[in-house]
Amino acid sequence: MELIKDLPEIFEEFAEQRKNSFLAIKQLKENGVPIVGVFCTYLPQEIPAAMGAGVVGLCSTSDETIPDAEMDLPRNLCPLIKSSYGFAKTDKCPFFYFSDLVVGETTCDGKKKMYEYLADFKPVYVMELPNKQSEDGYEMYRREIIRFQKVLEEKFGVTITEEQIRHATKIRNQERVALKNLYGLMKLDPAPMLGMDLLNVLTGAQFKFNKEASAEELEAIAERIQAEYEEGKHLEKRPRILVTGSPIHGAASKVVKAIEDNGGVVVVFENCGGVKSVDELVDESNPDIYEALAKRYLNIGCSCMAPNPHRFTLLRELIKEYKVDAVVDVALQACHTYNVESIGVKRLVTEEFHLPFMSLEADYSSSDIGQLNTRMAAFIEML
Ligand code: BJ8
């Protein structure tokens, strides 16, 4: 039977979590908990978490503040960067408002430059991220993580111990395992749920501040979905799509909606917020915890890395494990790194796997939804 249906209530709660966490962050702030605002998956969250800080993803996925940003920044710039800046400039992001420190990384050029201006509104620290996953790169990022720890210690007048970092690592790993178990259910064929429902939960989980509780809740959701699947509650068979590329939550999720409104199901998100940011655990057995963190984080297969082999290794695994029928590569508008890398993804998908492939460039507006639907309908029809 087709299930678009009575998903467990907790599902709804996760999907609403971003909104609900406006209040939670205010509460944390009132209780004197330091708040660290972040933009990118390369941030080693275990370090601020070790000192008990609330770590929160800053608003960057809506077009609401883009006109304000365009007064200062070029129009032909990635919407994620304009949105981030616009929210800071207009002070419309509660998470930014409550942040004591905003942390960025030297990822793409547009973001790097934007962080310079962000410092007009908040204290900003930019981590030096190597662009190569080599031994030198790991060593450099290890040093940078230690430098970041010192920045936090000085700013907040605390000492962060290795034991605290190890504890935070264990908790984050538990959450990663729970997330993997949940999205791993999409390996089932037919799929148990829509990709959009999964995406909402994955996004909501990023706004759960109590990570221990979050891991337990995610496990409970996964068990429930599995049990319902065994009772026959799942989608009908649909073409199974892998989505890859720039971050896809928020306004960019219009692509996911277009895929699913036209009969497909997104069974796996390789993007940040999906598998890319969760897949690898931090090696807790490594006697050097900084090295373990540096390796785990620098291994993230973002197109800012040159070359970027880990994205392609992950894509190969996911295409096989999730029995994918086609791949849709989404680059945000004017995102040079994902746009340039698209030809490599196309070659992998069409030449190695002989699967249909679509690449598209998306912004945050709703003006192209009609066109998107037409393209997607034709693409899915052909599968
Ligand atoms: S680790 S994907 S969260 S950088 S889409 S702003 S790259 S021009 S968002 Fe990202 Fe970290 Fe990478 Fe993930 Fe620049 Fe491209 Fe815009 Fe991007």
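**Two parallel sheets and a ligand shell**

Let's start with the sheet that comes early in the chain. Four strands form an open sheet here, in the order E2-E1-E3-E4, and the pairing is parallel. Strand E2, residues 54-57, and strand E4, residues 124-127, stand at the edges. Each has a single partner strand, so one side of each is left without a neighbour in the sheet. On average, neighbouring strands of this sheet are turned by 25° against each other, direction ignored. A reminder before I go on: this is a predicted model.

Stay at the E4 edge. Strand E3, residues 101-105, pairs with E4 in the parallel sense, over four bridges. One contact to pick out: Glu 105 has Met 127 in E4 as its bridge partner. Now the helix. H8 covers residues 135-156 and lies across strand E1 (35-38), E3 and E4. H8 runs at about 165° to E4.

Next, the other sheet. This one is open too, with four strands in the order E6-E5-E7-E8 and parallel pairing. Its edge strands are E6, residues 265-269, and E8, residues 357-362; each pairs on one side only. Neighbouring strands are turned by 30° against each other on average, again ignoring direction.

Two helices to place on this sheet. Helix H12, residues 254-261, packs on the sheet and touches strand E5 (240-245), E6, E7 and E8. The direction of H12 makes about 140° with that of E6. Helix H15, residues 336-352, lies across E5, E7 and E8. H15 runs at about 165° to E8.

Let's walk through the sheet pair by pair. E5 and E6 pair in the parallel sense over four bridges. Within that pair, Leu 242 stands opposite Val 268 in E6. How does the chain get from E5 to E6? The chain crosses through H12, and this β-α-β crossover is right-handed.

Now to E6 itself. E6 is an edge strand. Is E6 open or enclosed? Five of the five residues of E6 are buried, so E6 is largely enclosed by the rest of the structure.

On to E5 and E7. Five bridges join these two strands, which run parallel. Leu 242 comes back here: it stands opposite Val 327 in E7. So keep Leu 242 in view, with Val 268 in E6 and Val 327 in E7.

Then E7 and E8. Strand E7, residues 326-332, pairs with E8 in the parallel sense over six bridges. Val 327 has Phe 357 as its bridge partner in E8. Further along, Ala 331 has Glu 361 as its bridge partner in E8. The connection from E7 to E8 goes through H15, and this β-α-β crossover is right-handed.

E7 deserves a closer look. Which residues of E7 point which way? Ala 326, Val 328, Val 330 and Leu 332 point one way. Val 327, Asp 329 and Ala 331 point the other way, and all are buried. Seven of the seven residues of E7 are buried, so E7 is largely enclosed by the rest of the structure. Note Asp 329 in that list: it is buried as well.

Now the ligand. Sixteen is the count to remember: of the 16 residues around the ligand, Cys 40, Cys 78, Cys 108, Cys 302 and Cys 335 come nearest. What is the make-up of the shell? Its residues divide into twelve nonpolar, three polar and one charged.

Last, some backbone details in the loops. Cis peptides to begin with. The bond from Asp 189 to Pro 190 is cis, with omega near 5°. Pro 190 has its place in the loop between helix H9 (162-184) and helix H10 (195-205). The bond from Ala 306 to Pro 307 is cis as well, with omega near -5°. Pro 307 is found in the loop between helix H13 (289-298) and helix H14 (309-321).

Then positive phi. Asp 91 has phi near 55°, a positive value in a residue other than glycine. Asp 91 is placed in the loop between helix H5 (79-90) and helix H6 (94-98). With a relative accessible area of 42%, Asp 91 is partly exposed. Lys 323 has phi near 45°, also positive in a residue other than glycine. Where is Lys 323? Lys 323 lies in the loop between H14 and E7. Lys 323 is partly exposed, with a relative accessible area of 46%.

That's my tour. Questions, please.

Key
Residues numbered from 1 in each chain as written. Predicted model: local features only at pLDDT ≥ 70, side-chain atom pairs only at ≥ 80, totals over all residues. Heavy atoms only, no water. Pairing = 2+ DSSP bridges. Axes fitted to C-alpha atoms, helices over the stretch in contact; angles between N-to-C directions. Contact = heavy atoms within 4.5 Å. Buried < 20%, exposed > 50% of the residue type's maximum accessible area, 1.4 Å probe, protein only. Right-handed = clockwise from strand over helix to strand, strands pointing away. Near = heavy atom within 4 Å. Nonpolar A, V, L, I, M, F, W, Y, C, P; charged D, E, K, R; others polar.
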